Amino acid sequence: MYLWFGVLKLFPGGSPAQDLVERTVSALTFGIVHGDLARLSAAITEIGIALVLLSLRAPRLCAVLLIGHVVLVSTPLVLFAGEMWSGPLQASFEAQYILKNLVTVAAAVVIASSHPRVR
């Protein structure tokens with residue numbers, strides 16, 4: 001999942017989440033990182049996490065990276081609350097996508113952190 005979505009973000013217009021990613025990264029960096037650089041930063045981060053996860057070499061590091069990433073990608077729920085929520089417990093399509101990612105990453109963290117170390 002991370003590899004696929006990361007690769008999509010390498011190409012302008014390749015990800016339906018591109019606008020949200022660019023606005024979120026820009027908001028989190030106080031406008032320092034924006035546009036293509038924001039998109040590419042997200043792409044490289046997601047691809048890196050995928051490679052660590054696929055390597056099975058550092059499951060605890062992967063769990064930390066996943067937790068950090070999911071915290072960052074969940075920030076639009078707060079930063080852009082007006083767009084994410086139309087009422088109590090009424091999430092927009094984008095918000096539902098983010099919430100689904102929270103559940104998916106929680107499962108990945110449990111798997112990564114409980115996986116025996118490969119030597």
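What share of the 119 residues of the protein counts as buried? The share is 34%, where buried means under 20% relative accessible area, exposed means over 50%, and partly exposed is in between (1.4 Å probe, protein chains only).

Before going on, a word on the ground rules. This is a predicted model, so local features need pLDDT of at least 70 and side-chain atom pairs count only at pLDDT 80 or more, while totals for chains, interfaces and linings use all residues. Residues are numbered from 1 along each chain as its sequence is written, and side-chain values use heavy atoms, with hydrogens and water left out.

**Overall build**

Walk along the chain from the N terminus and you meet the elements in the order α-α-α-α-α-α-β-β-α. That comes to 7 helices and 2 strands; helices (H or I, at least four residues) and strands (E, at least two) are DSSP runs, numbered from the N terminus. With a radius of gyration of 15 Å, close to the 14 Å that the globule rule gives for 119 residues, the protein is as compact as a globular protein of that length. That radius is taken over C-alpha atoms, and the globule rule is 2.2 Å times the number of residues to the power 0.38.

Here are some whole-protein values:

| Property | Value |
|---|---|
| Box filled by C-alpha atoms, along the principal axes | roughly 45 × 35 × 25 Å |
| Exposed area | about 7,300 Å² |
| Distance between the centres of the positive and negative side-chain sets | 20 Å |

The area comes from the Shrake-Rupley method with a 1.4 Å probe; for residues, only the protein chains shown count as cover. Carbon and sulfur atoms supply 73% of the exposed area. As for charge, there are 8 positive and 6 negative side chains: Lys and Arg count as positive, Asp and Glu as negative, and His and the chain ends are not counted. Each charge is placed at NZ of Lys, CZ of Arg, CG of Asp or CD of Glu.

**Inside the protein**

A nonpolar core is a set of buried Ala, Val, Leu, Ile, Met, Phe, Trp, Tyr and Cys residues joined through side-chain atoms within 4.5 Å. The largest one has 11 residues, including Tyr2, Ile49, Cys62 and Val109. Helix 3 (35-55), helix 4 (59-74) and helix 7 (93-114) each give two or more residues to this core, and helix 4 gives the most, with 4 residues.

Leaving aside residues up to four places away in sequence, Val109 touches Ala63, Leu66 and Ile67, where contact means heavy atoms within 4.5 Å.

Helix 7 also holds Asn101. Asn101 is buried, with a relative accessible area of 13%, and touches Met1 and Val70, again not counting residues up to four places away in sequence.
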